[in-house]
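Please open the model in your viewer with the whole chain shown, and keep the selection tool at hand. The tour goes from one selection to the next and says what is found at each stop.

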Amino acid sequence: MVSTEALVGIALVELGLVVIPGPNMIYLVSRSVVQGRRAGLTSLAGVGVGFLAYLLAASAGLATLFALVPEIYLTLKLAGAAYLLWLAWNALRPGGSSAFTPSELTPDRPRKLFGMGLLTCLLNPKIAILYISLLPQFVDPSRGHVGTQSLLLGLTQLAVGVAVNAIFVITAGSVAAFFSRKPLWSRIHRYLTGTALAVFAVKLATDRAQPIAAP
């Protein structure tokens with residue numbers, strides 16, 4: 001039902017998004033460094049459920065709602081761009097930090113770890129835009145039921161996102177230790193992160209594409 005090209009395309013889009021540090025990565029890395037891999041993976045489970053919630057909403061016609069009420073979509077897009085610019089400023093400003101030099105966090109119980117991972121994902125503008133605007137671009141009505149295609153494509157995105165974030169969780173402690181010993185590399189990572197976030201924010205704010213209503 002879904003072409004191989006569409007599956008590969010959405011996987012590459014998600015890979016490009018997930019490697020750019022955003023709210024999900026910053027929270028997961030911070031939690032993993034402070035509280036260990038188990039805490040990071042528990043938080044990641046919440047993030048995965050957040051992905052699934054967006055996927056189910058998109059399959060149920062969320063994109064159609066935003067296509068019919070473009071003002072809501074525009075507000076979400078601009079708010080997301082502003083948030084990404086704020087993250088970029090925190091990385092680029094003098095004295096800023098990278099995702100792998102996390103702020104202090106107090107240890108949390110598993111239930112709160114899961115809940116915070118879920119909330120971080122639900123408030124992540126990159127994920128919202130992915131499901132509302134980008135995912136429908138890979139749907140081909142001539143290949144069958146639109147909702148089923150959206151579900152399959154979304155599950156592919158979810159698998160890629162969770163797998164890559166799991167790698168960040170598992171390696172967070174080692175990478176953070178490396179950056180603590182190599183401040184130059186930490187600064188380079190910080191500048192690359194801030195620049196990538198700023199570029200994505202500008203593209204998001206200036207993109208004129210609209211969500212596609214499912215037939």
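Two residues are said here to be in contact when they have heavy atoms within 4.5 Å of each other. Bear in mind throughout that this is a predicted model.

**The whole chain**

Begin with the chain coloured by secondary structure, which shows nine helices and zero strands. Of its 215 residues, 43% are buried. Among contacts with a separation of 6 or more, 87% join residues that lie 24 or more positions apart.

**Glu14**

Next, select Glu14, which lies in helix H1, and display its surroundings. Is Glu14 buried or exposed? Its relative accessible area is 2%, and because buried means under 20%, Glu14 counts as buried. Apart from neighbours within four places in sequence, Glu14 is in contact with Phe51, Leu130, Gln157, Val160 and Gly161.

**The nonpolar cores**

From Glu14, move to one of its contacts, Phe51. Phe51 belongs to the largest nonpolar core, a set of 33 residues in which Phe51, Tyr131 and Leu153 touch the most other members. At least two residues of this core are supplied by each of H1 (4-18), H2, H3 (37-59), H5 (70-92), H6 (110-122), H7 (125-134), H8 (146-181) and H9 (183-206). The largest share, seven residues, comes from H3.

Now select Leu153 and, once more, set aside its neighbours within four places in sequence: the residues in contact with Leu153 are Val2, Ala6, Leu7, Ile10, Leu135, Phe138 and Val139. A second core, separate from this one, has eight residues, including Ala11, Val160, Val164 and Phe168.

**Ala57 and Tyr131**

Go on to Ala57, which has its place in helix H3. Ala57 is partly exposed, with a relative accessible area of 29%. If you draw a distance line from the C-alpha atom of Ala57 to that of Tyr131, it should read 8.8 Å, although the two residues are 74 residues apart along the chain.

**Helix H2**

Select residues 23-35, the 13 residues of helix H2, which reaches 18 Å from its first C-alpha to its last, close to the 18 Å expected at 1.5 Å a residue. The buried residues of H2 include Pro23, Asn24, Met25, Tyr27, Leu28, Val29, Ser30, Arg31 and Ser32. Just after H2 comes Gly36, which has a positive phi, near 105°.

**H2 against H3**

Keep H2 selected and add H3, which packs against H2 at an angle of about 155°, with the two axes 7 Å apart. Because an angle over 145 degrees counts as roughly antiparallel, H2 is roughly antiparallel to H3. The crossing in which H2 passes H3 is right-handed. On the H2 side, the contact is made by Asn24, Tyr27, Leu28, Arg31, Ser32 and Gln35, while H3 brings Arg37, Ala39, Gly40, Ser43, Leu44, Val47 and Phe51.

**H2 against H6**

Finally, hide H3 and show H6 beside H2. How do H2 and H6 pack, and at what angle? The angle is about 160°, and the axes of H2 and H6 lie 9 Å apart. H2 is therefore roughly antiparallel to H6, and H2 passes H6 in a right-handed crossing. To see this contact, display Pro23, Asn24, Tyr27, Arg31 and Gln35 of H2 together with Leu113, Met116, Gly117, Thr120 and Cys121 of H6. Asn24, Tyr27, Arg31 and Gln35 take part in the contact of H2 with H3 and also in the contact with H6.

Conventions
Residues numbered from 1 in each chain as written. Predicted model: local features only at pLDDT ≥ 70, side-chain atom pairs only at ≥ 80, totals over all residues. Heavy atoms only, no water. Helix = DSSP H or I, 4+ residues; strand = E, 2+ residues; numbered from the N terminus. Expected span 1.5 Å × (residues − 1). Buried < 20%, exposed > 50% of the residue type's maximum accessible area, 1.4 Å probe, protein only. Core = buried A, V, L, I, M, F, W, Y, C linked by side-chain atoms within 4.5 Å. Axes fitted to C-alpha atoms, helices over the stretch in contact; angles between N-to-C directions. Parallel < 35°, antiparallel > 145°, perpendicular 65-115°, else oblique. Left-handed = near helix turned anticlockwise from the far one by under 90°.
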